[in-house]
Amino acid sequence: MIARANAHVKYPCRFMLVAAANPCKCGYLSDPSRACSRAPACGEDYMGRISGPLMDRFDLRVDVPPVAFTDLDLPASGDTSTQVAARVAKARARQHDRFADHPDAHLNADAEGSTLTEIATPDAEGRALLSRVADRFGLSARGYHRVLRVARTIADLDGDYGVSHAHIAEAVSYRVAGANDV
Ligand SMILES: [Zn+2]
């Protein structure tokens, strides 16, 4: 919805936004070999240019530390892209089955209200963690619901039926730094 002085225009749109940014204005905030000289203000000023409500809509925020030149030649670790793609395809297939009878939702990302409650209510431990994080970091209602959708998706990637403490812990770690220390 674009709102200007004398017109509101609603565009049909459905997209996934992937964005990248330097950690601070000079770019060296998280680089151990070339320390940013104005830390932490350099990073706070820089990231502060993105409004809170916009930032709140990013579900996964991942710090990517610089790779040392000596590490560039190391063999790749972890799963291959083919393995990851297969896991994602399975998780999406689970979601299509889950929402087969839902007119409004096809994926976890679409789930709202009672549908979200039905599919993503965590176990007692997960609920307790989420309410501690919400209190400590002042999660918005939007942020709270987004954590639930991400946790449901992590559970789907793990092939788990229910949303547990571990899924909530991983989901909040993508939203707020230090979330798992609460
Ligand atoms: Zn800097």
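Let us start inside the fold, at Gln95, which is buried because its relative accessible area is just 5%; buried means under 20% relative accessible area, exposed over 50%, and partly exposed in between, using a 1.4 Å probe and protein chains only. This is a predicted model, in which local features need pLDDT of at least 70 and side-chain atom pairs count only at pLDDT 80 or more, while totals for chains, interfaces and linings use all residues. Residues are numbered from 1 along each chain as its sequence is written, and side-chain values use heavy atoms, with hydrogens and water left out.

Gln95 sits in helix H3, residues 81-98. Helices here are DSSP runs of H or I with at least four residues, strands are runs of E with at least two, and both are numbered from the N terminus. Setting aside residues up to four places away in sequence, Gln95 touches His106, Leu107, Asn108, Thr153 and Asp156, where contact means heavy atoms within 4.5 Å.

Stepping back, the protein has seven helices and two strands, arranged along the sequence as β-β-α-α-α-α-α-α-α. Its C-alpha atoms fill a box of roughly 55 × 55 × 35 Å along the principal axes. Of its 182 residues, 25% count as buried. Among contacts with a separation of 6 or more, 52% come from residues 24 or more positions apart.

Now for the metal site. Which residues hold the zinc ion? Its protein donors are the SG atoms of Cys24, Cys26, Cys36 and Cys42, 2.3 to 2.4 Å from the ion. Donors are N, O and S atoms within 2.8 Å of the metal (3.2 Å for Na, K and Ca), and since water is not among the atoms, sites may look incomplete. The arrangement is tetrahedral because the four donor atoms subtend angles of 100 to 128° around the zinc ion; four donors earn that label if all angles lie between 85 and 135 degrees. For comparison, the ideal angle for four tetrahedral donors is 109.5 degrees.

In sequence, the donor residues follow the spacing C-x1-C-x9-C-x5-C. Cys26 and Cys36, 10 residues apart, both belong to the loop between strand S2 (7-9) and helix H1 (41-47), and the pair links distant parts of the chain. How do they fare in accessibility? Cys26 counts as partly exposed at 38%, whereas Cys36 is buried at 9%.

Helix H1 also brings other residues to this region. Gly43 lies in H1 and is buried, with a relative accessible area of 5%. Beyond its neighbours within four places in sequence, Gly43 is in contact with Pro23, Cys24 and Leu29. Tyr46, also in helix H1, is partly exposed at 22%. Tyr46 and Cys24 are 22 residues apart in sequence, yet their C-alpha atoms are 5.3 Å apart. Outside the four-place window, Tyr46 is in contact with Asn22, Pro23, Cys24 and Lys25.

Finally, let us look at a helix pair. Helix H5 (residues 124-137) and helix H7 (residues 165-173) pack at about 25°, with axes 7 Å apart. Axes are lines fitted to C-alpha atoms, for helices over the stretch in contact, and angles run from 0 to 180 degrees between N-to-C directions. H5 and H7 are therefore roughly parallel, a label for angles under 35 degrees. Glu125, Gly126, Leu129, Leu130 and Val133 in H5 meet His165, Ile168, Ala169 and Val172 in H7.

Notes. Four donors count as tetrahedral if all angles lie between 85 and 135 degrees; four count as square planar and six as octahedral if opposite donors are over 155 degrees apart and all others between 65 and 115; anything else is irregular. Angles under 35 degrees count as roughly parallel, over 145 as roughly antiparallel, 65 to 115 as roughly perpendicular and the rest as oblique.
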